[in-house]
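Let's walk through this one by asking and answering. Have the viewer open as we go.

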Amino acid sequence: MTKKIAVLVTDLVEDVELTSPKEALEKDGNEVVLIEKEAGKEITGKQGNTFTIDTSIDDVKPEDFDALLIPGGFSPDQLRADQRFVDFVAYFLENDRPLFAICHAPQLFIQTGLTEGRTMTAYDTVRPDIAYAGANVKDEEVVVDKNLVTSRNPDDIPAFNEKIVEILNA
(Lines give C-alpha, C1' and ligand atoms only; values in the text may rest on other atoms or scores of the structure.)
Protein backbone atom coordinates (compact mmCIF):
# COMPACT_ATOMS: atom_id res chain seq x y z
CA MET A 1 0.00 0.00 0.00
CA THR A 2 1.39 3.38 -1.03
CA LYS A 3 2.22 5.68 1.87
CA LYS A 4 2.45 9.45 1.67
CA ILE A 5 5.71 10.82 3.13
CA ALA A 6 6.22 14.48 4.05
CA VAL A 7 9.72 15.94 3.76
CA LEU A 8 10.43 19.21 5.56
CA VAL A 9 13.30 20.88 3.74
CA THR A 10 14.83 24.21 2.73
CA ASP A 11 18.05 25.63 1.33
CA LEU A 12 21.41 24.16 2.40
CA VAL A 13 20.00 20.69 3.00
CA GLU A 14 22.69 17.98 2.87
CA ASP A 15 21.88 16.84 -0.68
CA VAL A 16 22.44 13.09 -0.27
CA GLU A 17 20.41 13.04 2.97
CA LEU A 18 17.45 14.14 0.86
CA THR A 19 18.08 12.31 -2.41
CA SER A 20 19.02 8.87 -1.10
CA PRO A 21 16.16 8.36 1.42
CA LYS A 22 13.70 9.89 -1.07
CA GLU A 23 14.85 7.42 -3.71
CA ALA A 24 14.59 4.47 -1.29
CA LEU A 25 11.08 5.50 -0.25
CA GLU A 26 9.92 5.99 -3.85
CA LYS A 27 11.49 2.68 -4.94
CA ASP A 28 9.38 1.06 -2.21
CA GLY A 29 6.28 2.56 -3.87
CA ASN A 30 5.68 5.56 -1.64
CA GLU A 31 4.76 9.12 -2.57
CA VAL A 32 7.30 11.68 -1.29
CA VAL A 33 6.23 15.33 -0.94
CA LEU A 34 8.76 18.15 -0.44
CA ILE A 35 7.40 20.87 1.86
CA GLU A 36 8.81 24.34 2.42
CA LYS A 37 7.42 27.86 2.85
CA GLU A 38 6.54 28.26 -0.83
CA ALA A 39 5.23 25.74 -3.37
CA GLY A 40 7.17 25.64 -6.64
CA LYS A 41 10.22 27.31 -5.08
CA GLU A 42 13.60 25.96 -6.09
CA ILE A 43 15.94 25.32 -3.17
CA THR A 44 19.67 24.63 -3.34
CA GLY A 45 21.46 21.97 -1.33
CA LYS A 46 24.88 22.34 0.32
CA GLN A 47 26.47 20.50 -2.61
CA GLY A 48 24.74 22.67 -5.22
CA ASN A 49 21.90 20.40 -6.34
CA THR A 50 18.54 22.06 -6.81
CA PHE A 51 15.18 20.70 -5.70
CA THR A 52 11.67 21.94 -6.47
CA ILE A 53 9.26 22.23 -3.55
CA ASP A 54 5.96 20.41 -4.09
CA THR A 55 3.79 22.29 -1.63
CA SER A 56 3.71 25.01 1.01
CA ILE A 57 3.60 24.28 4.74
CA ASP A 58 0.43 26.43 4.76
CA ASP A 59 -1.34 24.02 2.38
CA VAL A 60 -0.81 20.77 4.28
CA LYS A 61 -1.66 19.19 7.62
CA PRO A 62 0.49 16.54 9.31
CA GLU A 63 -2.59 14.28 9.46
CA ASP A 64 -2.44 14.05 5.65
CA PHE A 65 0.80 12.05 5.82
CA ASP A 66 1.79 8.55 6.93
CA ALA A 67 5.37 9.52 7.82
CA LEU A 68 7.80 12.43 8.02
CA LEU A 69 11.39 12.60 6.74
CA ILE A 70 13.73 15.38 7.85
CA PRO A 71 17.10 15.48 6.08
CA GLY A 72 20.07 17.24 7.66
CA GLY A 73 22.51 19.92 6.64
CA PHE A 74 21.66 23.50 7.61
CA SER A 75 18.02 23.07 6.59
CA PRO A 76 16.64 21.91 10.01
CA ASP A 77 18.28 24.81 11.85
CA GLN A 78 16.51 27.27 9.55
CA LEU A 79 13.16 25.47 9.73
CA ARG A 80 13.12 25.38 13.53
CA ALA A 81 12.86 29.17 13.60
CA ASP A 82 9.37 28.84 12.03
CA GLN A 83 6.65 27.59 14.38
CA ARG A 84 4.67 26.04 11.52
CA PHE A 85 7.44 23.48 10.92
CA VAL A 86 7.94 22.90 14.65
CA ASP A 87 4.22 22.18 15.08
CA PHE A 88 4.28 19.79 12.10
CA VAL A 89 7.14 17.82 13.69
CA ALA A 90 5.48 17.90 17.12
CA TYR A 91 2.42 16.14 15.69
CA PHE A 92 4.55 13.14 14.63
CA LEU A 93 6.35 12.98 17.99
CA GLU A 94 3.15 13.35 20.05
CA ASN A 95 1.28 10.71 18.06
CA ASP A 96 4.17 8.24 17.59
CA ARG A 97 3.83 8.45 13.82
CA PRO A 98 6.80 7.30 11.70
CA LEU A 99 9.44 10.03 11.84
CA PHE A 100 12.81 9.71 10.12
CA ALA A 101 15.59 12.18 10.91
CA ILE A 102 19.26 12.21 9.98
CA CYS A 103 22.28 14.32 10.90
CA HIS A 104 21.21 17.82 12.04
CA ALA A 105 17.47 17.04 11.73
CA PRO A 106 16.91 16.40 15.48
CA GLN A 107 17.56 20.12 16.01
CA LEU A 108 13.90 20.51 15.05
CA PHE A 109 12.90 18.18 17.90
CA ILE A 110 14.43 20.51 20.50
CA GLN A 111 12.00 23.28 19.56
CA THR A 112 9.01 20.96 20.15
CA GLY A 113 9.89 20.34 23.80
CA LEU A 114 9.23 16.64 23.17
CA THR A 115 12.73 15.15 23.36
CA GLU A 116 12.57 14.25 27.07
CA GLY A 117 13.04 10.49 27.47
CA ARG A 118 13.26 9.75 23.74
CA THR A 119 16.23 7.69 22.53
CA MET A 120 17.98 9.01 19.44
CA THR A 121 21.19 9.99 17.71
CA ALA A 122 22.28 12.91 15.55
CA TYR A 123 25.35 14.57 14.08
CA ASP A 124 28.30 14.88 16.52
CA THR A 125 27.67 18.54 17.37
CA VAL A 126 23.90 18.08 17.74
CA ARG A 127 24.08 15.13 20.16
CA PRO A 128 24.92 17.34 23.20
CA ASP A 129 22.04 19.68 22.33
CA ILE A 130 19.47 16.88 22.25
CA ALA A 131 20.96 15.43 25.46
CA TYR A 132 20.54 18.81 27.19
CA ALA A 133 16.93 18.72 25.96
CA GLY A 134 16.41 15.41 27.80
CA ALA A 135 16.98 12.81 25.10
CA ASN A 136 18.81 9.53 25.71
CA VAL A 137 21.59 9.87 23.15
CA LYS A 138 23.45 7.03 21.46
CA ASP A 139 26.38 7.10 19.05
CA GLU A 140 25.11 4.43 16.64
CA GLU A 141 24.43 4.45 12.90
CA VAL A 142 20.69 3.93 13.38
CA VAL A 143 18.68 4.38 16.57
CA VAL A 144 15.03 3.31 16.71
CA ASP A 145 12.66 4.50 19.45
CA LYS A 146 9.19 3.19 18.58
CA ASN A 147 8.48 4.88 15.21
CA LEU A 148 11.31 7.42 15.54
CA VAL A 149 14.35 6.53 13.43
CA THR A 150 17.50 8.67 13.66
CA SER A 151 20.98 8.48 12.14
CA ARG A 152 24.19 10.48 12.50
CA ASN A 153 25.55 11.44 9.07
CA PRO A 154 25.76 10.53 5.36
CA ASP A 155 27.87 7.43 6.14
CA ASP A 156 24.82 5.98 7.92
CA ILE A 157 22.46 6.41 4.95
CA PRO A 158 22.41 2.74 3.77
CA ALA A 159 21.37 1.51 7.23
CA PHE A 160 19.01 4.48 7.68
CA ASN A 161 17.25 3.81 4.35
CA GLU A 162 16.87 0.12 5.13
CA LYS A 163 15.34 0.86 8.55
CA ILE A 164 12.89 3.56 7.36
CA VAL A 165 11.53 1.28 4.64
CA GLU A 166 11.24 -1.54 7.18
CA ILE A 167 9.32 0.69 9.64
CA LEU A 168 6.91 1.83 6.90
CA ASN A 169 6.19 -1.75 5.93
CA ALA A 170 5.75 -3.06 9.49
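**Sheet, cores and one phenylalanine**

Q: In strand 5, which residue is the bridge partner of Glu 36?
A: This is a predicted model, and the pairing here is between strand 2 and strand 5 (residues 55–56). The two run parallel, joined by two bridges. On the strand 5 side, the bridge partner of Glu 36 is Ser 56.

Q: In what order do the strands of the open sheet come?
A: There are six helices and eleven strands in the protein chain. Seven strands form the open sheet, and the pairing is mixed. Strand 5 and strand 10 (143–145) are the edge strands, each pairing on one side only. Reading across, the order is 5-2-1-6-7-11-10.

Q: Which residue in strand 2 is the bridge partner of Lys 4?
A: Strand 1 and strand 2 run parallel, with five bridges joining them. Helix 1 (residues 15–27) belongs with these two strands in a β-α-β unit, and that unit is right-handed. Within strand 2, Lys 4 has as its bridge partner Glu 31.

Q: How many of the six residues of strand 2 are buried?
A: Strand 2 has bridges to strand 1 and also to strand 5. Strand 2 is mostly covered, and the number of its six residues that are buried is five.

Q: In strand 11, what is the bridge partner of Ile 102?
A: Strand 7 and strand 11 (residues 148–151) pair in the parallel sense. Four bridges hold that pairing. For Ile 102, the partner in strand 11 is Ser 151.

Q: Which helix gives the most to the largest nonpolar core?
A: That core has 28 residues, and Leu 8, Ile 35 and Phe 109 are among those with the most contacts inside it. At least two residues each come from strand 1 (4–8), strand 2 (31–36), strand 6 (67–70), helix 3 (83–94), strand 7 (99–102) and helix 4 (107–112). With seven residues, the top contributor is helix 3.

Q: How many residues does the second, separate core have?
A: Leu 34, Phe 100, Phe 160 and Leu 168 are included in this second core. Nonpolar side chains in soluble globular proteins do tend to be buried together. The residue count for the second core is 25.

Q: Is Phe 92 buried or exposed?
A: Phe 92 sits in helix 3. Leaving aside neighbours within four places in sequence, Phe 92 is in contact with residues including Pro 62, Phe 65, Leu 68, Arg 97 and Leu 99. Its relative accessible area is 1%, and since the cut-off is under 20%, Phe 92 is buried.

Q: What distance separates the C-alpha atoms of Phe 92 and Leu 68?
A: These two residues are 24 residues apart along the chain, yet Leu 68 is in contact with Phe 92. Their C-alpha atoms are separated by 7.4 Å.

Q: What radius of gyration does the protein chain have?
A: The C-alpha trace spans about 40 × 35 × 30 Å along its principal axes. A compact globule with 170 residues would have a radius of gyration near 15 Å. The value for the protein chain agrees with that, at 14 Å.

Q: What percentage of the residues of the protein chain count as buried?
A: The protein chain exposes about 7500 Å², with 42% of it supplied by carbon and sulfur atoms. Of its 170 residues, the share that count as buried is 54%.

Terms used:
Residues numbered from 1 in each chain as written. Predicted model: local features only at pLDDT ≥ 70, side-chain atom pairs only at ≥ 80, totals over all residues. Heavy atoms only, no water. Core = buried A, V, L, I, M, F, W, Y, C linked by side-chain atoms within 4.5 Å. Buried < 20%, exposed > 50% of the residue type's maximum accessible area, 1.4 Å probe, protein only. Pairing = 2+ DSSP bridges. Right-handed = clockwise from strand over helix to strand, strands pointing away. Contact = heavy atoms within 4.5 Å. Rg over C-alpha atoms; globule rule 2.2 N^0.38 Å. Areas by Shrake-Rupley, 256 points an atom, 1.4 Å probe, with all protein chains shown as cover.
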